[in-house]
Structures are given as C-alpha cells and as structure tokens.
Amino acid sequence: NPANALAMASSFASEQDRLEFLRGVYAVWSRNDPLAALDYARSSLAPGTARNETIGIAMNRWGSADPRAAWQWAEQNLSGPLKDQALTDLVIGWTRRAPTVASQWLASTGYISQPMLNAVAGTWAEQNPAAAVTWASSLTNTEARRTAEAAAVTGWAEQNPEEAAAYVEKRVSGETGQPVTPEEAVSLAGVISRIWGQSNPQEAAAWVNKLTDSAERLEAASTLAMVWASSDIQGATAWSATISDPAVRRQVITHIG
C-alpha cells in the first residue's frame, strides 16, 4: 500500500529518518510499479536529497527489469544532473542483471561518459572482475578504455589485490586487450598501489619494488606513500629509507610530507 507508506513517511519529524524510510519504500515500490514511484518522486517531493535518491532507486530497479522503458522515461521527464545520475543508476541496475548485454550496449553507443563507464565496469567487477577488465581493455576509444579499465581494476583490487596486480603486469606488457598507452600503464599501476596500500601496504611496497618501468614505479610509489602515510606515518617513513632508487625515494619523501 504505497499511499499508506508515503503517509507514514510524512509523519517522521527527523529528515534523516524520513529519508531512510523512503529508501525502504522505494526499494519495494519500484520493483512493483516503477512508473508510479517515479511520477510521485518527480511531482510530489521537493528538490533535494530525498527526490534525487528515490528517483535513483526507482531507475535502478526499473533498469534491471526493463532498461529501454526506463531510459525513455528519463529522456522525456528529466534533465540536467538529475537525468545524468538517473541514467547512471539505470545502467548499474541493468549491469547487475545482465552485464554482458549492458556492456555491449554501452560500447555500441560510443558514449565516453565517465559515470556510465564507471557504472558498468565497476558493477561488473563486483561479480566477475576478470570479465569486466577483459571488456574494458577491449574498448577502442583510449579515453573510454582508460576510465573503464581503472574502474574494473579498482573493483578487482578491492577483492584480490594480488590477482589484480598480476593482471596489470600482463596488461602493461601487451599480453591482453588493446595496445596500452604509457599513460594507461602508469594509471593502472597507481590504481593497484592505492587500493593495495589501504589493505596491506607492506605487500604493496614489495610489488612496487618489483616494477621495472621507471614511470610506473614512480607513480605507484608516490601513490603508496600518500596512502600509507595517512594511516601509518612511521611505517611509511621506514619504507622510504629502504628505497635504493634516488628519484623514487625523493618522490616518496615528498608525498609522505
């Protein structure tokens, strides 16, 4: 009974409590009748967090069930940043249900929207990071590939940094995907260092030390220095003293500072 649920939501004195309640209402209502849920949010909720979030939840649920209809509704009824976010939420829902189809569609459109590429690659990586990076690395547009692959590798590194690091080593050596540019190689090394440095900086440092390319090692070491120093300044400074390459050590000390 959405009407009763919405009436109850309006009775909460706390805005945060009301928002939490609406999130729960929309999680169910949007599966049963996404069009009604969206029309209510657009016409009856004041501009702000509650309207933005409920529209996002509804688009996510509708995108999972019928992405074409959800997309058409957004095109006809939304505009500006609200529309952009709604379409991103739609793509996330679609990717959770059918990642291969959603990713093929996005690649076919030629869109290089960073939020959408992040949505597909990052969401797919939650389920199957190897498949996500394979798709991302196959994109022919350099900017799109760099964005999507960074998102997929980030998701993989959060689950298993060793596997993600092994993938990056193969990737920068040219064993997989489209030819990688020097900028992409440096970016991927930084991604691994940032994520791995949060969970196990000692292991991340050992990986950085094995990197042979100077630009990748410099980026990875600099990123690790900032991440490590933010949580364990003593550990980070002790590590800096073990670095034999003068250029890398200077960069690490600068970033620790």
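This passage walks through the fold of a predicted model, from its overall make-up to a few individual residues.

The secondary structure of the protein consists of 16 helices and 0 strands. Measured out along its principal axes, the C-alpha trace spans about 70 × 45 × 30 Å. Of the 257 residues in the protein, 47% are buried. Among the contacts with a separation of 6 or more, 56% are accounted for by residues 24 or more positions apart.

A convenient place to begin is the N-terminal helix. Helix α1 covers residues 2-10, and Ala-5, Leu-6 and Ala-9 are buried in it. These three residues sit on the same side of α1, because they cover an arc of only 95° around the axis. An α-helix has 3.6 residues a turn, so residues three or four places apart point the same way. The other side of α1 carries the exposed residues Ala-3, Asn-4 and Ser-10. As for partners, the buried residues of α1 pack against α2 (15-32) and α3 (34-44).

Further along the chain, helix α6 (residues 80-97) packs with helix α7 (residues 99-109) at an angle of about 135°, and their axes are 5 Å apart. That angle makes α6 oblique to α7. On the α6 side, the contact is made by Val-91, Trp-94, Thr-95 and Arg-97, while α7 supplies Pro-99, Val-101, Ala-102 and Trp-105. By character, the residues of this contact between α6 and α7 divide into 6 nonpolar, 1 polar and 1 charged.

Arg-96 also belongs to helix α6. With a relative accessible area of 45%, Arg-96 counts as partly exposed. Not counting residues up to four places away in sequence, Arg-96 touches Asn-60, Thr-123, Glu-126 and Gln-127. Arg-96 and Val-120 are 24 residues apart in sequence, and their C-alpha atoms are 8.7 Å apart in space.

The interior comes next. The largest nonpolar core has 78 residues, of which Met-59, Trp-135, Ile-192, Trp-207 and Trp-239 touch the most other members. Helix α10 (residues 142-159) gives the most to this core, contributing 8 residues. In soluble globular proteins, nonpolar side chains tend to be buried together. For Trp-239, the contacts that remain once neighbours within four places in sequence are left aside are Ala-205, Asn-209, Ala-221, Leu-224, Ala-225, Trp-228 and Val-252.

Polar residues are found among the buried positions too, and two of them are described here. Ser-137 is part of helix α9 (residues 129-138). Its relative accessibility is 4%, so Ser-137 counts as buried. Beyond residues up to four places away in sequence, Ser-137 touches Arg-145, Glu-149, Tyr-167, Arg-171, Gly-177 and Gln-178. Thr-223, in turn, lies in helix α14 (residues 214-231). At 11% relative accessibility, Thr-223 counts as buried. Apart from neighbours within four places in sequence, Thr-223 is in contact with Gly-190, Ser-193 and Arg-194.

Two isoleucines complete the picture. Ile-195 lies in helix α12 (residues 182-199). Its relative accessible area is 5%, which means that Ile-195 is buried. With neighbours within four places in sequence set aside, Ile-195 is in contact with Thr-154, Ala-157 and Glu-158. The C-alpha atoms of Ile-195 and Val-227 are separated by 8.7 Å, although these residues are 32 residues apart along the chain.

Ile-256 is located in helix α16 (residues 246-256). A relative accessible area of 15% places Ile-256 under the 20% cut-off for a buried residue. Not counting residues up to four places away in sequence, Ile-256 touches Ala-225, Ala-229, Ile-233, Ala-236, Thr-237 and Ser-240. Ile-256 and Ser-222 are 34 residues apart along the chain, with their C-alpha atoms separated by 8.3 Å.

Technical notes:
Residues numbered from 1 in each chain as written. Predicted model: local features only at pLDDT ≥ 70, side-chain atom pairs only at ≥ 80, totals over all residues. Heavy atoms only, no water. Axes fitted to C-alpha atoms, helices over the stretch in contact; angles between N-to-C directions. Helix = DSSP H or I, 4+ residues; strand = E, 2+ residues; numbered from the N terminus. Parallel < 35°, antiparallel > 145°, perpendicular 65-115°, else oblique. Contact = heavy atoms within 4.5 Å. Nonpolar A, V, L, I, M, F, W, Y, C, P; charged D, E, K, R; others polar. Buried < 20%, exposed > 50% of the residue type's maximum accessible area, 1.4 Å probe, protein only. Arc of directions from axis to C-beta. Core = buried A, V, L, I, M, F, W, Y, C linked by side-chain atoms within 4.5 Å.
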